[in-house]
Amino acid sequence: MPDHDPAVPPAPGPNPAPALRYVFLLLDRFTMVSFAAAIEPLRLANRLSGRELYEWRLIGEQGETALCSNGARILLDGPLAETRRGDTVLVCGGLDVARAATRPVLAWLRREARRGTRIGALCTGAWVLAEAGLLDGRRATIHWENQDGFAEKFPDVTLIRTVFVEDGNRLTAAGGTAAIDLMLRQIARDHGAELASRVADQMIHTAIRSEEDQQRLSSPGRIGVHHPRLAQVLARMEANIEDPVSPARLAAEAGLSPRQLERLFARHLGRSPKRYYMELRLERARHLLLQTPMSVMEIALACGFASAVHFSKCYRATYGCTPYRERGAAGAH
């Protein structure tokens with residue numbers, strides 16, 4: 001990323017504080033975008049301040065290189081090793097994160113947690129922290145695509161669907177550019193809001209998001225629906241996957257007749273309310289199927305289907321394969 005700030009960095013003070021260190025644990029097939037979004041603000045903070053405010057170290061289970069989800073390999077500084085006092089560990093997750101939660105990784109994280117190390121996670125790295133038991137009784141976030149499976153597998157973790165969450169000495173960011181916002185929060189806390197703003201400007205990050213900002217647009221916003229009553233119905237559907245609400249009741253709650261609701265769906269979404277609701281439930285089912293060990297019957301019930309047979313029939317009609325075949329194909333990769 002080019003740096004365009006022409007300002008001359010200020011000279012360091014007579015007794016500069018020691019650099020704060022981040023230790024990035026790169027899991028197998030981690031996502032490059034969230035890793036870069038976390039490390040670049042640290043580099044820019046150093047450059048713009050004219051001081052080494054931060055340093056970092058890259059580690060992994062193998063200790064030599066880490067494979068990124070885009071196929072690139074990153075040279076590591078070393079294997080899993082004891083951190084220094086005051087370090088912050090950030091677990092960088094990506095694809096197949098459940099497989100990346102190996103025994104050595106989990107054991108290392110638990111040891112570091114017992115030592116009082118501040119530990120965080122980017123993207124799906126929160127899954128590994130939860131697997132290690134380090135998020136029990138805590139608030140945390142994870143990438144929206146993994147939220148359904150995460151909520152089912154880790155009921156002792158309070159899932160917050162925002163861009164990042166800080167709960168004591170646990171940090172989680174949802175992935176993508178959410179890591180920028182998390183790191184800007186750290187820079188502002190460590191060295192002031194002005195420096196954080198300058199870093200954001202360098203990254204062309206024009207709106208610094210807070211811990212309250214949502215990861216995704218609302219369902220109506222994502223699909224460009226601005227009709228208030230239709231938006232109300234869509235939100236109601238999204239909130240009631242396990243116990244679907246009938247179209248007649250949805251219409252009545254929105255102050256519409258069933259016929260008016262049908263027309264609104266046809267005009268704005270090109271499908272019937274029943275079809276849209278089915279697609280929503282099947283999308284949730286697919287997330288659970290690919291992200292959790294739940295049985296097909298358990299997934300069927302969690303998504304409002306009375307039987308595995310009906311669920312399988314609907315799933316095949318939409319995705320071209322049965323839930324059993326989908327899971328088998330995913331496990332083969």
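Student: Let's start with Arg185. What's its relative accessible area?
Tutor: Arg185 comes out at 26%, so it's partly exposed. Here, buried is under 20% relative accessible area, exposed is over 50% and partly exposed sits in between, using a 1.4 Å probe and protein chains only.

Student: And what am I looking at, source-wise?
Tutor: It's a predicted model, where local features need pLDDT of at least 70 and side-chain atom pairs count only at pLDDT 80 or more, while totals for chains, interfaces and linings use all residues. Numbering runs from 1 along each chain as its sequence is written, and side-chain values use heavy atoms, with hydrogens and water left out.

Student: OK, which residue does Arg185 meet in a salt bridge?
Tutor: Glu211, with 3.7 Å from N to O. That pair ties together distant parts of the chain, 26 residues apart: Arg185 is in helix α6 (residues 178–191), and Glu211 is in the loop between α7 (193–202) and α8 (219–222). Helices (H or I, at least four residues) and strands (E, at least two) are DSSP runs, numbered from the N terminus.

Student: Glu211 then, buried or exposed?
Tutor: Glu211 counts as buried, because its relative accessibility is 14%.

Student: What else is linked up with those two?
Tutor: There's a salt-bridge network with Arg139, Glu166, Asp167, Arg185, Arg189 and Glu211 in it. The rule for a salt bridge is a side-chain nitrogen of Lys or Arg within 4 Å of a carboxyl oxygen of Asp or Glu.

Student: How many salt bridges does that rule give?
Tutor: The count is 20. One of them joins the side chains of Asp87 and Arg21, at 2.7 Å from N to O. Those two are 66 residues apart, with Asp87 in the loop between β4 (73–75) and β5 (88–92) and Arg21 in strand β1 (residues 20–26).

Student: Are Asp87 and Arg21 buried or exposed?
Tutor: Both are buried.

Student: Switching topic: where's Glu112?
Tutor: In helix α3, residues 103–114. Glu112 is buried, since its relative accessible area is just 2%.

Student: What does its side chain pair with?
Tutor: Glu112 makes a salt bridge to Arg115, 2.9 Å from N to O. Arg115 is partly exposed, as its relative accessible area is 39%.
Tutor: The side chain of Glu112 also has a 2.9 Å polar contact with that of Thr117. A polar contact is a pair of N or O atoms within 3.5 Å; within protein, one must be able to donate a hydrogen and the other to accept it, and residues adjacent in sequence count only if both atoms are side-chain atoms.

Student: Which residues touch Glu112, skipping neighbours within four places in sequence?
Tutor: Ala81, Glu82, Thr83, Thr117 and Ile119, where contact means heavy atoms within 4.5 Å.
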